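Student: I have a new structure open and no idea where to start. Can you walk me through it?

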Amino acid sequence: AEDGYQLWLRYQPLPAAQRAHVPDSILVLGADSPTKGAARAELQRALLGMLGKAPGIVDKARLDTIVLARGADLPAGLDTASAVRDELKKLGDEGYLVRRAKLNGAAVTLVAANTDAGLLYGSFAWLRELQLPSGKGADRIALASSPTLPLRVLNHWDNLDRSVERGYAGESIWNWWELPNIIDPRYTDYARANASLGINGTVLNNVNSKAEVLGAPFIAKAAAIADVLRPYGIRVYLSVRWSTPLEMKQTKTADPLDPEVAAWWKNKADEIYRTIPDFGGFLVKANSEGQPGPQDYRRNHADGANMLARAVAPHKGIVMWRAFVYASPEESKAGKAHDRAVEGYDQFIPLDCKFDDNVLVQVKNGAIDFQPREPAHPMFGAMPKTPLIMEFQITKEYLGFATHLAYLGPMFQETLEFDTRIGGRKLTVADTIQGKQGRVGGIAGVANIGSSRSWSGSIFDQSNWYMYGRMAWDQGLDSRVIAREWAAQTFSPDARLLDPVVNMMMRSREAVVDYMTPLGLNHVMGSSHHHGPAPWVDNLERADWNPIYYHRAGRDGIGFDRTAKGSNAVAQYSPEVARRFADPKTTPPELLLWFHRLPWDYRMASGRTLWEELVTRYDHGVAEAAAMQAEWQRMKPFVDAQRFADTAQRLAQQHVEAQWWRDASIAYFQDVSGLPLPAGVRKPA
Ligand code: GCW
């Protein structure tokens, strides 16, 4: 049965018309390696699926053979060898080239790269291309690509007891109880899926980390996972808890400037590298949401990050230091709950140029917290001397878990394309992490992977993992193109399915924004679980966790004033952007209430009042949820029964919950504003 386990690597039989020149033999040149073995195995598996017959492994090319060769192993009988060598010079360590060529007179498909990892990526790229409805024959496929970022990682928020923070897809895939001697074959399938996208790193455990992860037993478990992932070009990283040596009672303090502490971390790093020689490094959440950190000792983030960085530097390891911070609990209790949106920038910008070379600062896409829509974080482009990692959340903590269908491609693209105007010229967020203005950074995605049969809790949530990986490889890829690729491989290249499904995906995230948090509203979800509406909540431990703190709705109006009259968060953007966001008239309506507090009768560009517009958007979101549900019903002839039914049930539930969101939100805002429902709007059921 189709339960989604195979993800987008289904390799369905190709229609007869598309089989011409599809190779039935594989030739791998040069010394063998585990990575080449992985590429060969994938090609075998895929060609068997697509042609119904196992391909031969040959040592001499024949017509249409697929040939894998590193630049150094290009054979003498290859007609285009010198051109291929030239092209490879531009493709770096991970890039690949796919070309039709002649080898000893036989027309073949050549996959070439500078490294084995490149060959693996090239093989996957060629397989993907073969399955797309592009109309290209197998003998016409020509590809050349290399990643824009060296660091493309997943962050698992997986705990050591196998629960997953913000995970909606079952327990952690890492079976910590059984590791290191029992290896679930799922780890290999996980590696294949990631390698098919070019993801080259994974942080195994939650950023809310426990000290035990650095004990010998867990290091051995992590090493066992690293052994499985290594042939697929994936390095393992660990999240570490700042106070680990203190909690293990092996030091008297966790002060980063204490030599005993630094020595402990250095020894620990040496110990890790003895078992995981290519260990990637540490990810740290410090002084954030109750986590310990260097500020506990009156040191700053750079003091902390650099101390760890020096421990891993001799092994070429890195430290990924998160910038997700807010005002201290003392400040918050003292009523100084200044705008949470300004904290990251305020605390980190003064530290630009204070970080060691192997520290990267990891910044969430927006300044609050993975909301359905946020403006790009103002830190992007503001720290040119520090490499920044973009952190996206793939798991849908604030967008309806694995129940609601929301394809996040347009959201990630919106952030990456945001023009910071830093330096008074076009400088997108993507440019800033790619080093076009300062140092090259990386990209991280909080995984939505668990041990559910479908990996991601729902079939459509697989598209978010897929999309993240593709955008991590190339931030210029269009989210619609990626959606098409995914749907073609996951369901079918049949246009009768592909066109409607891709359209549905492309509208889905905006639908969620509309029924949950239209016009720039945010952080109004139910406390702690974050599922469902709770704009009325005002009694949480921290003022800046309360929904009412964010929407500020009252008799007179609604919204958060982030202009100079308010928190002045706008001033953290470049002057040009700041000017645009400072004026409600030039603020895009999607972000209006993020930056402004406005009267209910404020006149929108649409001609409606703010109140009418708000209600219209809620209604529109619900209508979109209904439309998606109806559209999917029409897909029944094109999708297998199990995946069809699973998706249909989720869409029905999404529609119910969209109405819940709209009705609860509107009822609450009516209550605080005293306004009647605008004329022409359907009364909540
Ligand atoms: O979005 C919030 C989540 C927390 C998470 C935190 C973070 C891992 O609600 O569950 O903790 O962000 O990013 O650190």
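**Sheet, salt bridges and ligand**

Tutor: Start with an open sheet of 6 strands, in the order E2-E1-E3-E5-E4-E6, with mixed pairing. Keep in mind that this is a predicted model.

Student: Which strands are at the edges of it?

Tutor: Strand E2, residues 56–57, and E6 are the edge strands, and each of them pairs on one side only.

Student: OK, E6. What does it pair with, and how many bridges are there?

Tutor: Strand E6, residues 143–145, is joined to strand E4, residues 96–103, by 3 bridges, and the two run antiparallel. Within that pairing, Leu97 stands opposite Ala144 in E6.

Student: And how do E4 and E5 pair, parallel or antiparallel?

Tutor: Antiparallel, over 8 bridges, with strand E5 covering residues 106–113. Val98 is opposite Val111 in E5, and the bridge partner of Arg99 in E5 is Leu110.

Student: What sits between those two strands?

Tutor: E4 and E5 make a hairpin with 2 residues between them. One detail in the turn is Asn104, which has a positive phi of about 45 degrees.

Student: Back to Arg99. Which residue does its side chain form a salt bridge with?

Tutor: Glu87, with the closest N and O atoms 2.7 Å apart. Arg99 is in strand E4 and Glu87 is in helix H2, residues 81–89, so the pair ties together parts that are 12 residues apart in sequence.

Student: Are those two buried or exposed?

Tutor: In between. Arg99 is partly exposed, at a relative accessible area of 22%. Glu87 is also partly exposed, with a relative accessible area of 22%. The cut-off for buried is under 20%, so neither residue counts as buried.

Student: Why would an Arg and a Glu pair up in general?

Tutor: Side chains of opposite charge can pair when their charged atoms come close.

Student: How many salt bridges are there in the whole structure?

Tutor: A search of the whole structure gives 50. One of them joins Glu171 and Arg162, where the closest N and O atoms are 3.7 Å apart.

Student: Buried or exposed, for Glu171 and Arg162?

Tutor: Glu171 is partly exposed, with a relative accessible area of 39%. Arg162 counts as buried, at 10% relative accessibility.

Student: Got another one that links distant bits of the sequence?

Tutor: Arg439 and Asp357 form a salt bridge, with their closest N and O atoms 3.6 Å apart. Arg439 lies in the loop between helix H12 (429–433) and strand E14 (442–446), and Asp357 lies in the loop between helix H10 (343–348) and strand E12 (359–364), so this pair ties together parts that are 82 residues apart in sequence.

Student: And how accessible are Arg439 and Asp357?

Tutor: Arg439 counts as partly exposed at 30% relative accessibility, while Asp357 is exposed, at a relative accessible area of 64%.

Student: Which residues are linked in a network of salt bridges?

Tutor: Arg373, Glu414, Arg509 and Glu510 are linked in one.

Student: New topic, the ligand. Which residues come nearest to it?

Tutor: There are 15 residues around the ligand, and Glu165, Lys285, Arg322, Lys364 and Glu397 come nearest.

Student: What classes do the residues in that shell fall into?

Tutor: The shell around the ligand has 8 charged, 4 nonpolar and 3 polar residues.

Student: Which side chains have a polar atom by an oxygen atom of the ligand?

Tutor: Three examples follow. Glu397 places a polar side-chain atom 2.5 Å from an oxygen atom of the ligand. For Arg166, the distance from a polar side-chain atom to a ligand oxygen atom is 2.9 Å. For Asn208, the corresponding distance is 3.2 Å.

Student: How much of the ligand's accessible area does the protein cover?

Tutor: On its own the ligand has 340 Å² of accessible area, and the protein covers 98% of that.

Student: Last one. Where is Gln475, and is it buried or exposed?

Tutor: Gln475 is in the loop between helix H13 (459–473) and helix H14 (479–490). At 6% relative accessibility, Gln475 counts as buried.

Student: What does its side chain reach?

Tutor: Two backbone oxygens. The Gln475 side chain reaches that of Met471 at 2.9 Å, and that of Ala472 at 2.9 Å.

How values were computed
Residues numbered from 1 in each chain as written. Predicted model: local features only at pLDDT ≥ 70, side-chain atom pairs only at ≥ 80, totals over all residues. Heavy atoms only, no water. Pairing = 2+ DSSP bridges. Helix = DSSP H or I, 4+ residues; strand = E, 2+ residues; numbered from the N terminus. Salt bridge = Lys/Arg side-chain N within 4 Å of Asp/Glu carboxyl O. Buried < 20%, exposed > 50% of the residue type's maximum accessible area, 1.4 Å probe, protein only. Near = heavy atom within 4 Å. Polar contact = N/O pair within 3.5 Å; in protein donor to acceptor, adjacent residues only side chain to side chain. Areas by Shrake-Rupley, 256 points an atom, 1.4 Å probe, with all protein chains shown as cover. Nonpolar A, V, L, I, M, F, W, Y, C, P; charged D, E, K, R; others polar.
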